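Colleague: Could you take a close look at one part of this model for me? I would like the cross-links and charged pairs between side chains.

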Amino acid sequence: MKRRLLILIISIFVFAWTSASQAEEIGSRTDIYVLVDLSATWFNQGRINDIKNTLGEINKAVVNLGTRSEKPVLIYYLPITDSSMVQNLLCQGKYQPALINRRGGNTIGSKSELEKRLDLCRDHILNQNPAAFTDISGSIDLAVQISRSSTDKKKYMIIASDLKEESRKGAVLPTLNVDKFKIALVYRILPEDSLNLDIKQRLSFWTQKLVKAKAVKVVSIIDKGNVGDNIVTELLSNGN
């Protein structure tokens, strides 16, 4: 009973954060998109602690990027699942620190508040159901569509996935155009990877595909436990 109540409270809070922020997205200077693989292979419930750690590290990276980027910053968490283009956002928020901590409103006004909101977002994600398919292209395209409200802002994308795209039979994948995006591919080591020789091929395939789709930068990061700082360093190297 207590667990159900906690899930309900988290869902209501995240939904309120997401819905209220949608009316405030005009005028952002920086966008940060986090794409989370909900497929049964990456989002395996038997590895929930590993998933929680990965999401926690990505949240650290988002906070770091947000505090170092031009404000306001819009933050979006999107699912990689079945038919990702038509799925709802997992979480969304607007980060714009203020000298005066005003009560009310929907803008996240401090770093500590952003950290708390992202912790709630992580817990909300952990309560999702695993999906049967991995529509990575659809999730990327959804992020691109959202970002088109403005063309002069900086755009970051963090993709947490096993990078093995699996779509329904007959599904048509979108043609990607990730112009102006800096992208981090975050691959969490899985137990079966000791026998899997195509990890580098997957990372290379997606790197080449995204570069061909006009990404400003694509970096590959192997997640062995503490990757938050590494994500930020790689994305911001040679200027941001």
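Modeller: What follows covers the disulfide, then the salt bridges.

The model is predicted. For orientation, the protein chain has six helices and six strands. Their order along the sequence is α-β-α-β-β-α-α-β-β-α-β-α. Of the 240 residues, 48% are buried. Among contacts between residues at least 6 apart in sequence, 80% join residues at least 24 apart.

Start with the sulfur atoms. The whole structure holds one disulfide. Its partners are Cys91 and Cys121, with sulfur atoms 2.1 Å apart. Cys91 sits in strand β3 (residues 91–95), and Cys121 sits in helix α3 (residues 111–126). The two are 30 residues apart, so the pair links distant parts of the chain. The torsion about the S-S bond is about 105°, and therefore the disulfide is right-handed. What about exposure? Cys91 has a relative accessible area of 0%, so Cys91 is buried. Cys121 also comes out at 0% and is buried.

Now the charges. Opposite charges on side chains can pair when the charged atoms come close. A search of the whole structure gives seven salt bridges.

Helix α3 holds one of them. Arg117 pairs with Glu113, the closest N and O atoms being 2.8 Å apart. Both residues lie in helix α3, four residues apart, about one turn of the helix. Arg117 has a relative accessible area of 13%, which is under the 20% cut-off, so Arg117 is buried. Glu113, at 23%, is partly exposed. There is also a network of salt bridges linking Asp119, Arg122 and Asp123.

Other pairs reach across the sequence. Arg168 and Asp82 form a salt bridge at 2.6 Å, N to O. This pair links distant parts of the chain, 86 residues apart. Arg168 is in the loop between β4 (154–160) and β5 (181–188), while Asp82 is in the loop between β2 and β3. Arg168 is partly exposed at 47% relative accessible area. Asp82 counts as buried because its relative accessibility is 17%.

Arg29 and Glu70 form another salt bridge, at 3.5 Å from N to O. They are 41 residues apart and again link distant parts of the chain. Arg29 belongs to the loop between α1 (2–21) and β1 (30–37). Glu70 belongs to the loop between α2 (48–68) and β2 (73–80). Arg29 is partly exposed at 26% relative accessibility. Glu70 is partly exposed at 44%.

Terms used: Residues numbered from 1 in each chain as written. Predicted model: local features only at pLDDT ≥ 70, side-chain atom pairs only at ≥ 80, totals over all residues. Heavy atoms only, no water. Buried < 20%, exposed > 50% of the residue type's maximum accessible area, 1.4 Å probe, protein only. Contact = heavy atoms within 4.5 Å. Disulfide = S-S within 2.5 Å. Salt bridge = Lys/Arg side-chain N within 4 Å of Asp/Glu carboxyl O.
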